[in-house]
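This briefing goes through one protein model, topic by topic. Please keep the sequence and the structure in view while reading.

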Amino acid sequence: MEVAVPQGFDALTPVQQAFLTKHLGVKAKSTMVVKALPVWMAAREVADQDIDALQKALRGHKAPIFAKIADAGLHGITSGELTRMQAALMDLDRAAPADRPKAAARTRAAMTQMRGFLDGNPGLALLERNPFGLTIGLRQTLGRALAQIETALAGEA
């Protein structure tokens, strides 16, 4: 059963809109357009700050291996998951209403790959256990963004 859209619904965040849709049946196709890329980019900014701090610490040591690791950055341990994730979100956010279901499906596929990277890449565990006392929370930060995006996409086919 769909409920009439309350005043101000379009001013809510995508997560809030998805919550109302799921629990109260509120659904407004015209205002349910999820802008997922900003959620991901905010998480990436935090993740990039963590990596930047680690790169500075690595470059502060004379061992050449540390400089090599610092130069690679986060992209050095991925297999393109970050690029595919961002591209899928850009496509989703730009998709016309009729194209959103396909774009949402591609986004979900990219999210599955990203979760596989976050859960299974041994390099992330090494970054988190770095010997410099730096807190590297990539899995948590990016995982939370994926969860937010997934919740926002819950109402889409």
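What percentage of the 157 residues in the protein chain do buried residues make up? The share is 38%. The model is a predicted one. The chain contains seven helices and zero strands, and along the sequence its pattern reads α-α-α-α-α-α-α.

**Whole chain**

- About 9,100 Å² of the protein chain is exposed, and carbon and sulfur atoms supply 59% of that area.
- Of the contacts between residues at least 6 apart in sequence, 61% join residues at least 24 apart.

**Helix α2**

- Helix α2 covers residues 37–59, and its 23 residues should span 33 Å at 1.5 Å a residue.
- The end C-alpha atoms of α2 are 31 Å apart, which agrees with that expected span.
- Buried residues in α2 include Leu 37, Trp 40, Ala 43, Arg 44 and Ala 47.
- Farther along α2, the buried residues include Asp 50, Ile 51, Leu 54, Gln 55, Ala 57 and Leu 58.

**Helix α7**

- The 15 residues of helix α7 (residues 138–152) should span 21 Å at 1.5 Å a residue, and the end C-alpha atoms are 21 Å apart, which agrees.
- In α7, the buried residues are Leu 138, Thr 141, Leu 142, Ala 145, Leu 146, Ile 149 and Ala 152.
- Viewed down the axis of α7, these buried residues fall within an arc of 130°, so they line one face of the helix.
- An α-helix has 3.6 residues a turn, so residues three or four places apart point the same way.

**Contacts between α2 and α7**

- Ala 47 lies in helix α2, and it counts as buried because its relative accessibility is 0%, under the 20% cut-off.
- Apart from neighbours within four places in sequence, Ala 47 is in contact with Leu 138, Thr 141 and Leu 142.
- Ala 47 and Leu 142 are 95 residues apart in sequence, yet their C-alpha atoms are 7.4 Å apart in space.
- Thr 141 is part of helix α7 and counts as buried at 11% relative accessibility.
- With neighbours within four places in sequence left aside, Thr 141 is in contact with Ala 43, Val 46 and Ala 47.

**Nonpolar core**

- The largest nonpolar core has 32 residues, and those with the most contacts inside it are Trp 40, Met 85, Met 114 and Leu 138.
- At least two residues of this core come from each of α2, α4 (81–94), α5, α6 (122–128) and α7.
- Which residues does Trp 40 contact, leaving aside its neighbours within four places in sequence? They are Leu 82, Met 85, Leu 89, Met 114, Leu 142, Ala 145, Leu 146 and Ile 149.

**Gln 113 and Arg 84**

- Gln 113 lies in helix α5 (residues 100–120).
- With a relative accessible area of 38%, Gln 113 is partly exposed, because that value is between the 20% and 50% cut-offs.
- Outside its neighbours within four places in sequence, Gln 113 is in contact with Glu 81 and Arg 84.
- The side chains of Gln 113 and Arg 84 make a polar contact of 2.7 Å.
- These two residues are 29 residues apart along the chain, with their C-alpha atoms separated by 8.8 Å.

Notes:
Residues numbered from 1 in each chain as written. Predicted model: local features only at pLDDT ≥ 70, side-chain atom pairs only at ≥ 80, totals over all residues. Heavy atoms only, no water. Helix = DSSP H or I, 4+ residues; strand = E, 2+ residues; numbered from the N terminus. Expected span 1.5 Å × (residues − 1). Buried < 20%, exposed > 50% of the residue type's maximum accessible area, 1.4 Å probe, protein only. Arc of directions from axis to C-beta. Contact = heavy atoms within 4.5 Å. Areas by Shrake-Rupley, 256 points an atom, 1.4 Å probe, with all protein chains shown as cover. Polar contact = N/O pair within 3.5 Å; in protein donor to acceptor, adjacent residues only side chain to side chain. Core = buried A, V, L, I, M, F, W, Y, C linked by side-chain atoms within 4.5 Å.
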